[in-house]
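Reader: I am new to this structure and should be grateful for a close look at a single part of it. Please set that part in the context of the whole chain.

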Amino acid sequence: MVRVVINSRTAALAAPVALLLLLPAPKVAATPPQCARNPAVLPATTRLRAALTDGRFVAYEPTSLRVSDGRVTPADPESIRADLRVLRPKFDALITYSANHGAESIAGVAASLKFRALIIGVWDPADNVELAAAVAAARRYPQLVVGLSLGNEMLFSHRISPAALAALVARVRAQLPVTALATTEPFHVYHQPEVAPLLGQLDFLLVNAHPIFQPWFHQATDDTAAQFVVNVLAELAPLACGPILVKETGVPTAPTSAGFSEARQASFYRALRVHLPPGAERAFAYFAAFDAPWRAYDAIAVPGAAPGVHPEEAHWGLYDAERRPKQAARELPALSGEH
């Protein structure tokens, strides 16, 4: 997740006239990519489109995972099972952030609880151990794992170049020709011309689009914030070689001193469901499943942010850290079918 102010006409499309003076100038659109055709991945992208159309995704990080000063406390398998049991009545599709530090258990637990789709996040795809764990899970659960996300905001944080990431995608493609591949970036990164060759290699796009970090957010309605996300997708459509799933968007529920609350989170998601109904080519995931108190103090949780404590980072969940549902979760109807 990243704090970034849009440098695009997108914000102008989304904002009321009174807010336009806060917005930066439009940018030049990137060149559409030359899309590679990967026939072997068609069954996976077909299942992904089906999950986007009539499933419900949530971005999931285990509640038992902790990161402090770069030291990781691994997730516990039984805690993962408890997490997913809570989520399963309202969600049937997951997006994760890493494939190690206990996350190796997620696919097996999700399969046993009859989740329909899993996109495995690989936090550091240059880590051969983590990448091997993700590849193994995709091979073991081919009907569950619809895709891999190779990295999270790696281009934005300059941890890799577009060319190097494209080469990595090609390497993973050779190992997993039948699994859909993507990466995750803030939406504005995909507009950079040097990213176009990488986009041509991706089977779908995962996008972070946070209205709360736009300069107009606190003066805007939740309807405006939701429309902003829709406009982001409209601008990205010519750059995508497959479906687009908004991996991160939402409103934290605290601190109240910053104008955040359960009521506003719920209101935003109500508006987003109206403006962005699920479909095979465009959909959004709920961000995130659970609060993570450690994120308020994590130096890498908010790339590009000023140093210091960021209390809102602890409160993105639709459920709190004790797995209790907040208003937005309570308002979601249970999914039909077996849980």
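Which residue caps the N-terminal end of α3?

Author: The residue in question is Asp76. In this predicted model, one of its side-chain oxygens lies 3.1 Å from the backbone nitrogen of Glu78, and Asp76 thereby caps the N-terminal end of the helix.

Helix α3 itself spans residues 77-87. Its buried residues are Ser79, Ile80, Asp83, Leu84 and Leu87. These residues lie on the same side of α3 because the arc they cover around the axis is only 135 degrees. As for their surroundings, the buried residues of α3 pack against two strands, β1 (57-59) and β4 (93-95), and against the helix α4 (106-112). The face turned away from the buried side carries Glu78 and Arg85, which are exposed. Glu78 thus appears twice in this account: its backbone nitrogen faces the capping oxygen of Asp76 at 3.1 Å, and the residue is exposed on the face turned away from the buried side.

The wider setting is a protein chain with ten helices and ten strands. Of its 339 residues, 58% are buried. Among contacts between residues at least 6 apart in sequence, 75% join residues at least 24 apart. The accessible surface comes to about 13400 Å², and carbon and sulfur atoms account for 58% of that area.

With regard to confidence, the chain averages a pLDDT of 90, and 88% of the residues score at least 70. Over residues 2-29, however, the pLDDT is below 50; this stretch nevertheless has 66 contacts in the model beyond near neighbours in sequence.

Note on methods:
Residues numbered from 1 in each chain as written. Predicted model: local features only at pLDDT ≥ 70, side-chain atom pairs only at ≥ 80, totals over all residues. Heavy atoms only, no water. Buried < 20%, exposed > 50% of the residue type's maximum accessible area, 1.4 Å probe, protein only. Helix = DSSP H or I, 4+ residues; strand = E, 2+ residues; numbered from the N terminus. Arc of directions from axis to C-beta. Contact = heavy atoms within 4.5 Å. Polar contact = N/O pair within 3.5 Å; in protein donor to acceptor, adjacent residues only side chain to side chain. Areas by Shrake-Rupley, 256 points an atom, 1.4 Å probe, with all protein chains shown as cover. pLDDT = per-residue confidence, 0-100.
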